[in-house]
Every structure is written in structure tokens, then in C-alpha cells.
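This report describes selected features of one protein chain. Please keep the sequence and the structure in view while reading.

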Amino acid sequence: MAPVIETRGLTKRYATVVAVDELDLRITAGEIYGLLGLNGAGKTTTIRMLLGMVRPTSGVVRVLGAAVRPGAQAAWSRVGYLVETPAAYPELTVRENLAVAARLRALRGSNHVDEVIERLRLTAYAGQGARTLSLGNAQRLGLAKALLHKPDLLILDEPANGLDPAGIVEIRDLLRELSQEHGATVVLSSHILTEVTRLATRIGVIHRGRLVRELEAGDLTAHLRQRLSVSARDLKAAELALIAAGFIPIRSDADDLVLTDARAVREPDAVAIALVAAGCPPTRLVVEQDDLETFFLRVVEA
Ligand SMILES: Nc1ncnc2c1ncn2[C@@H]1O[C@H](COP(=O)(O)OP(=O)(O)OP(=O)(O)O)[C@@H](O)[C@H]1O
């Protein structure tokens, strides 16, 4: 299958900084591809090069079969994008902003605008000036503009930016639906591990401008570790009680006890019972997932 996005040797240098270094990407139709990286990893620069907004120092980008060059228009009617803080006309309302965007895309009739307002749950804000929108709703408006013309390919830089947890779930469902029901391809960047792992069908881990790993969604679980974090009033007593019960607690920087063995993660109630029996009940007991830094260290060094 011809790739929807293909880059070869894609590189961007700014003076002494290599923002993106020899990136080879191949993304096919219907994928939700997550570019995951720490701040400064090169995600935004990559996305801007995919969109022809930044001129590569070297290398090739092809989007929907056409070479991306500044000024090349061919594929853009089939592409929707959102890059960092979405731009809107601050004096115009949400609906007016979308109507302008529809005109620029030469879309006829008002149903595109109505449909996307409803889809992005912007109905209550349709008459509100863009200037007064919360960050989350401004992000929704940006996404609405990206989706207005029902693109085959969506390229989104940090789409969860500014959204509250419920908003993140809504956007995740929307992107999944676009991919599954409409066959759209989605490329998104994020530094939020859980967000990408819940949504992407494939993940590219980008570190210091280089694509260090690509993982299928199904392979991710092997790289994601869980741990049980335990707090107690008397941490020393809790530590001794857990050792006596056969666990291996480690004192963390955050001054709690961390248990990484499978039994503790699988049966947190056994940990709680051991602590209660020893007279130092837990004040907090929670199964946590790796943070991005830990995941990175493991994936980058593996
Ligand atoms: N216009 C520019 N001029 C100079 N350096 C730049 C420019 N744009 C990006 N960089 C540098 O390139 C590197 C990659 O930046 P980029 O914004 O692509 O990373 P990112 O992964 O998107 O990070 P973030 O999550 O913080 O947005 C960084 O070191 C950044 O400082």
C-alpha cells in the first residue's frame, strides 16, 4: 500500500542544533501514528516539515503521494492540521471563524460548519468571540477547523493541549472514530505517554531529533511497567512490615514506598492487608504507570 506520509533522510538544522536528524517515516492509510518525545525532541519541527511550513535542510517528504515543497498545493484539500496554539480571528465568533475557514476551503452551504460545531461540542460557544474562549475551547475550535472539510489525513501537534480530562477523552474518541469509520489517517505528536498509548495504533519515539524506536500498539504493554506506590504515617514501620510479608519496597524521592514486583501490582489488597496486620495501615495505595521519562530510558536504552 502506498504510504500516506513518507519521509527519507529528513533533517532540519538550526545553526548548531540538529532539530530533526535523518528521519525515515512511513505511515499508511488508517493508521493513528503517535510521535512521542520529550520537550525539544523535534516533534513540532517534524510536523511543520510534513506540512511544508519549515523547509528541510535535507531529505524528502511526500504526503498523499505528492512531494511537499513550499508553495506546492496539490494534497492540501485532503489534509487537516492543527499546529500548536490554534490561530483564530479574535473579534469573530466561533461560528464566524468556521464560516471564514469554510469559505477559504471553498466549501458550500452552512452544514459543514453546523456539523463540525456539533461534533466538537462547540454549540454552547458558537456565538462567543474567539478572543474570550478558554484554552480548551480554543483548541476545539482549532480542531473544528482542521476537520471542517473531512480530510483524509489529519496532522495534529499536541492536540490534547489545554483540554481537561473529559475533553481529552472526547477528542480521543473523535479521532478514533475518524480513523475507524472514515478510514482517515491521523498523525499526532504528544509528550503525554498515556494519551498516545491509548490512541495510537503505532508509535514513533523521537529523541534528540532521531526516530529511536517504532512500536505497534500491541507491543507497547511489554514496555510499559506498573508499580504500586504506598504511603503510610510511619514509613519505616511500613517498609519493615512489607519486607516481612515478602515484598521488596523501595523508598522513592517522593517519600513513599514503591513496589515493582508483579505480585504487588497484581494484588495491591495483599499489600494493604499486610500493612493493616502490622498496625501501619496505608494512607495511600495506588497502582501507577511509568512516566514518560522512565519509559524513554527503557525504550531508548533497550
Ligand atoms: N526556529 C528555530 N530556531 C532555532 N532552534 C529551533 C527552532 N525551532 C526549534 N528549534 C530547536 O530544535 C529542537 C527541536 O524543537 P521542536 O520544537 O521541534 O521540539 P518538540 O519535540 O516539538 O518540543 P516541544 O514538545 O517542547 O514543542 C529544540 O532544541 C529547539 O530549541
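## Helix H10 and its surroundings

In this predicted model, the buried residues of helix H10 pack against several elements: strand E11 (226-232), helix H8 (235-244), strand E13 (257-259), helix H9 (262-266) and strand E14 (282-289). Helix H10 itself comprises residues 268-277, and its buried residues are Val 271, Ala 274 and Leu 275. They cover an arc of only 95° around the axis, and therefore lie on the same side of H10. A general property of the α-helix is relevant here: with 3.6 residues a turn, residues three or four places apart point the same way.

The other side of H10 carries exposed residues, namely Asp 269, Val 276 and Ala 277. Just after H10, Gly 279 adopts a positive phi of about 80°.

## The chain as a whole

The chain has 302 residues, of which 39% count as buried. Its secondary structure consists of 11 helices and 14 strands. Along its principal axes, the C-alpha trace spans about 70 × 45 × 35 Å.

How do contacts relate to distance along the sequence? Among contacts between residues at least 6 apart in sequence, 68% join residues at least 24 apart.

## The buried side of helix H2

Helix H2 covers residues 94-104. Which of its residues are buried? They are Val 94, Asn 97, Leu 98, Ala 101 and Ala 102. These residues occupy an arc of only 140° around the axis, so they are on the same side of H2. The cover over the buried residues of H2 includes helix H3 (111-119) and helix H4. The two sections that follow consider these two partners in turn.

## Helix H2 against helix H4

Helix H4 spans residues 135-147, and its axis comes within 10 Å of the axis of H2, the two crossing at roughly 25°. An angle under 35 degrees counts as roughly parallel, and H2 is therefore roughly parallel to H4. The crossing in which H2 passes H4 is right-handed.

On the H2 side, the contact is formed by Val 94, Asn 97, Leu 98 and Ala 101, which meet Leu 141, Ala 144 and Lys 145 in H4. By residue class, this contact of H2 with H4 comprises five nonpolar residues, one polar and one charged. Val 94, Asn 97, Leu 98 and Ala 101 also appear among the buried residues of H2.

## Helix H2 against helix H3

The axes of H2 and H3 come within 9 Å and cross at roughly 130°. This angle makes H2 oblique to H3. The crossing of these two helices is right-handed.

In this contact, Arg 95, Leu 98, Ala 99 and Ala 102 of H2 meet His 112, Val 113, Val 116 and Ile 117 of H3. The residues involved divide into six nonpolar, one polar and one charged. Leu 98 belongs to this contact with H3, and Leu 98 also takes part in the contact with H4.

## Positive phi outside glycine

Two residues other than glycine deserve attention for their backbone angles. Ala 106 has a positive phi near 60° and is a residue other than glycine. Ala 106 follows just after H2, in the loop between H2 and H3. Is Ala 106 buried or exposed? With 8 other C-beta atoms within 10 Å, Ala 106 is exposed; the cut-off for this class is 12 or fewer.

Glu 22 also has a positive phi, near 55°, and is likewise a residue other than glycine. Its place is in strand E2, which covers residues 17-27. Glu 22 is partly exposed, having 15 other C-beta atoms within 10 Å.

## Pro 3 at the start of the chain

Where is Pro 3 found? Pro 3 belongs to the segment before strand E1 (5-14). Pro 3 is partly exposed, with 17 other C-beta atoms within 10 Å.

Apart from its neighbours within four places in sequence, Pro 3 is in contact with Arg 26, Ile 27 and Thr 28. Pro 3 and Leu 82 are 79 residues apart along the chain, and their C-alpha atoms are separated by 21 Å.

How values were computed. Residues are numbered from 1 along each chain as its sequence is written. This is a predicted model: local features need pLDDT of at least 70, side-chain atom pairs count only at pLDDT 80 or more; totals for chains, interfaces and linings use all residues. Axes are lines fitted to C-alpha atoms, for helices over the stretch in contact, and angles run from 0 to 180 degrees between N-to-C directions. Helices (H or I, at least four residues) and strands (E, at least two) are DSSP runs, numbered from the N terminus. Angles under 35 degrees count as roughly parallel, over 145 as roughly antiparallel, 65 to 115 as roughly perpendicular and the rest as oblique. A crossing is left-handed if the near helix is turned anticlockwise from the far one by less than a right angle, and right-handed if clockwise. Two residues are in contact if their C-beta atoms, placed from the backbone, lie within 7 Å. Ala, Val, Leu, Ile, Met, Phe, Trp, Tyr, Cys and Pro count as nonpolar, Asp, Glu, Lys and Arg as charged, and the others, Gly among them, as polar. A residue is buried if 20 or more other C-beta atoms lie within 10 Å of its own, exposed if 12 or fewer, and partly exposed in between; C-beta atoms are placed from the backbone. The arc is that of the directions from the helix axis to the C-beta atoms.
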